Structures are given as C-alpha cells and as structure tokens.
Amino acid sequence: MSSLRNAIPRKAHKERAQPHLRRKFGLLEIHKDYVIRARAYHQKEQTLLKLKEKAALRNPDEFYFKMIKTKTVGGVHKPESQANKYTNEDLMLMKNQDIGYILQKLQTEKKKIERLNGMLHSLENHSSSKHVYYADNREEAREFRQKVSKQGNPSAFKDLPKVILRKTDSSYRELEARKKRLKDLEKIYTDMSMQKELQKRGKKRKLREDEMVSPTSRPEYKWRQERKR
C-alpha cells in the first residue's frame, strides 16, 4: 500500500503569502523560521543567565594581572599597547634571525638557478651531430633511428619528442620565476639590512637628491664619523 500511495501524484502545497497591508514587514514567517528564531533567542537567554550567575558567584578577592593591564572602551576589553614590549637588544636579535633566514633562502635560489642554467645551457650547446634519445621501448627507438637517418643532421630542438620539449619549456618558465623570486629576495635582504643598520647607535642623516653620487629611488644615509676608542 505504501508504494501505491507514493505512486499517486500529490498536490503541492504553497506557502501562504504576506497580506497586502503587511508587505512592509517582509516575507511571512513560517514555522521553520520561527523555530530557528526561537532557538537563537533561548540560546542568548541561557548565555546571559550563565554570565549573571558567574558574576554573582565571583570571588571579591580574585586578582590576575589582566585586570590592571586592560581597560574597557565602550563595553569592550582592550589590552594595553605592546609597542615597547621588546627591548632594542631583543629587536636586533630578531632582526638578525630574519636576515639570516632571508640570506639562506637567497643562497638556495641562487644554487637552483645555477643548476637550471647549467642544464639548459648544456642542452642548447649539445652537438647537433650527436644526440642522445631515450626511448621507452624498441618500437620508439626504431622510429627515432629512421627519423635521424632520413633527415641526416637534425637541429637541437626541432626533432625532439614533445615530452622533452614540454619539460624544456617548463624548465625555462621555472628559471624565469626563480629569477624574479631572487630579485624580490635581494630587495628584501637589502631593505632589512638597512633597517638593521638604522637601529644601531650613531648620528646619521638622510642624503638629499643633489648629494647622492648616483640618485636612486631608495633612500641613502650618511653616518657621522666617530672616533674609535
């Protein structure tokens, strides 16, 4: 019977619309909307009751340091400013660690660029009279041999398999991306080194554009000469 009951088409009941005089209040709320709204209301109510109970049972002798290190602004707790949290020695130490990490990444990128340059350079300067092809099976090796015998002395890249050509193109793209990354790391390293030098003791001033030997977009500083003891 249940299968026959489901086979009979049923009437689709539509939701009742908001009366014309009450359209300014938006869509008419159905039972599902009311359940969601009621649950949210009761959840907030329970939260307020727990907070009131916690405040009523609070220990008047309770103390922790955040009581004196925070303040209430518009009903919101805000901690004190931590701008001077670290001393100059701590800042210099952290700056040295950051510079060391950037320098390590910079050297790693240089080595990878040198390796890629060497691989691509050897591929470009490979003798056209002697090529090494790597085949997966005997049939592919026979095809390479026939192609070379027909064309005689092929060029370096003209008759290479598509797989090798795709790998070569991807290597060139990787090389360009690593060169761009190297430039960014060098700029970051230069800026961080300048900030580190500016944090050191000693009188210094920023040079004007007419005082620079070779004016650039980056600022240049001059330190006052001090007698070394």
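This report walks through the fold, two of the helices and a surface patch of a predicted model.

## Overall fold

Let's start with the whole chain, which has 6 helices and 4 strands. Following the sequence, these elements come in the order α-α-α-β-β-α-α-α-β-β.

Of the 229 residues in the chain, 11% are buried. The accessible surface amounts to about 21500 Å², and carbon and sulfur atoms contribute 53% of that area. Among contacts with a separation of 6 or more, 55% link residues 24 or more positions apart.

## Helix α6

Helix α6 covers residues 162–198. Its 37 residues should span 54 Å at 1.5 Å a residue, and this agrees with the model because the end C-alpha atoms are 54 Å apart.

Several α6 residues are buried: Thr168, Ser171, Leu175, Arg178, Leu182, Leu185 and Met192.

## Glu109 and its partners

Now for a charged residue in helix α4, which runs over residues 88–124: Glu109. Its relative accessible area is 6%, so Glu109 counts as buried.

Setting aside neighbours within four places in sequence, Glu109 touches Arg178, Arg181, Leu182 and Leu185. Arg178, Leu182 and Leu185 are among the buried residues of α6. With Arg181, the Glu109 side chain also makes a side-chain polar contact of 3.1 Å.

## A nonpolar surface patch

On the surface, a nonpolar patch is formed by Phe63, Tyr64, Phe65, Met67 and Ile68. Together these residues have about 560 Å² of accessible area.

One of them, Phe65, sits in the loop between α2 (31–56) and α3 (66–69). Phe65 has 55% relative accessibility and therefore counts as exposed, whereas Glu109 is buried.

Definitions and conventions:
Residues numbered from 1 in each chain as written. Predicted model: local features only at pLDDT ≥ 70, side-chain atom pairs only at ≥ 80, totals over all residues. Heavy atoms only, no water. Patch = residues over 30% accessible without salt bridge, like charges linked within 9 Å, V, L, I, M, F, W, Y side chains within 5 Å. Areas by Shrake-Rupley, 256 points an atom, 1.4 Å probe, with all protein chains shown as cover. Salt bridge = Lys/Arg side-chain N within 4 Å of Asp/Glu carboxyl O. Helix = DSSP H or I, 4+ residues; strand = E, 2+ residues; numbered from the N terminus. Buried < 20%, exposed > 50% of the residue type's maximum accessible area, 1.4 Å probe, protein only. Polar contact = N/O pair within 3.5 Å; in protein donor to acceptor, adjacent residues only side chain to side chain. Contact = heavy atoms within 4.5 Å. Expected span 1.5 Å × (residues − 1).
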